[in-house]
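Here is a short, friendly briefing to read alongside the model. Keep the viewer open and follow the residues as they come up.

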Amino acid sequence: MALGRLFHYAFDAVLVSTVLAGVKKTSGFSLDIDQLTTNSTAKSAAESYLGIGDSIYGMIQGSVVNSGYFTNLKK
Ligand SMILES: *[C@@H]1O[C@H](CO)[C@@H](O)[C@H](O)[C@H]1NC(C)=O
């Protein structure tokens, strides 16, 4: 049970990170980590957390581009 809950939180965290990556890609705005913390340990942790979202967003984008079920509206 505890493991399931942990997995749930991890999944949510990754989901939030992915949305933040999407916001960054579409709007150019990203979390201001410098303003959130001055602690270098926390800063690098936050950067790798956002990096996870970036990779997942990239993977989704890659599979969407190669999928026949999606069409490009920006033609
Ligand atoms: C940053 O936070 C971590 C964990 O709370 C702590 O161990 C570390 O000493 C802090 N580093 C600085 C530079 O304040």
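Leaving aside its neighbours within four places in sequence, Thr37 is in contact with Ala42 and Lys43. Thr37 itself sits in the loop between α2 (33–36) and α3. Please keep in mind that this is a predicted model. The points below start at that loop, then turn to the helix pair, the charged side chains and the end of the chain.

**Around the loop**

- A polar atom of the Thr37 side chain lies 2.9 Å from the backbone nitrogen of Asn39.
- Lys43, one of the contacts of Thr37, also forms a salt bridge with Asp34, at 3.2 Å from N to O.
- The two partners of this bridge fall into separate accessibility classes: Asp34 is exposed, with a relative accessible area of 53%, while Lys43 is partly exposed, at 23%.

**How α1 and α3 pack**

- Two packed helices are described by the angle between their axes and the distance between the axes.
- Here, helix α1 (residues 2–27) and helix α3 (residues 40–65) have axes that come within 7 Å and cross at roughly 75 degrees.
- That crossing angle makes α1 roughly perpendicular to α3, since angles of 65 to 115 degrees are put in that class.
- On the α1 side, the contact includes Ala13, Val14, Val16, Ser17, Thr18, Leu20 and Ala21, followed by Gly22, Lys24, Lys25 and Thr26.
- On the α3 side, these residues meet Tyr49, Leu50, Ile52, Gly53, Asp54, Ile56, Tyr57 and Ile60.
- By residue type, the contact of α1 with α3 divides into 11 nonpolar, five polar and three charged residues.

**A close look at Ser17**

- Is Ser17, a residue of helix α1, buried or exposed? Ser17 counts as buried, because its relative accessibility is 0% and the cut-off for buried is under 20%.
- Not counting residues up to four places away in sequence, Ser17 touches Tyr49, Leu50, Ile52 and Gly53. These four are also listed among the α3 residues that meet α1.

**Salt bridges**

- The count of salt bridges comes to three.
- Lys24 pairs with Asp54, and the closest N and O atoms are 2.9 Å apart. Lys24 lies in helix α1 and Asp54 in helix α3, so this bridge ties together parts that are 30 residues apart in sequence.
- Asp54 also meets Lys25 in a salt bridge, at 4.0 Å from N to O. Asp54 is in helix α3 and Lys25 in helix α1, so this pair links parts that are 29 residues apart in sequence.
- How accessible are these three residues? Lys24 counts as partly exposed at 33% relative accessibility, Asp54 as partly exposed at 22%, and Lys25 as partly exposed at 46%.
- The remaining bridge is the Asp34 and Lys43 pair met above.
- Which residues are joined into one network by salt bridges that share partners? They are Lys24, Lys25 and Asp54.

**After α3**

- Gly68 belongs to the segment after α3.
- Gly68 counts as exposed, because its relative accessibility is 77% and exposed means over 50%.
- Gly68 and Thr18 are 50 residues apart in sequence, and their C-alpha atoms are 23 Å apart in space.

Note on methods: Residues numbered from 1 in each chain as written. Predicted model: local features only at pLDDT ≥ 70, side-chain atom pairs only at ≥ 80, totals over all residues. Heavy atoms only, no water. Axes fitted to C-alpha atoms, helices over the stretch in contact; angles between N-to-C directions. Helix = DSSP H or I, 4+ residues; strand = E, 2+ residues; numbered from the N terminus. Parallel < 35°, antiparallel > 145°, perpendicular 65-115°, else oblique. Contact = heavy atoms within 4.5 Å. Nonpolar A, V, L, I, M, F, W, Y, C, P; charged D, E, K, R; others polar. Salt bridge = Lys/Arg side-chain N within 4 Å of Asp/Glu carboxyl O. Buried < 20%, exposed > 50% of the residue type's maximum accessible area, 1.4 Å probe, protein only. Polar contact = N/O pair within 3.5 Å; in protein donor to acceptor, adjacent residues only side chain to side chain.
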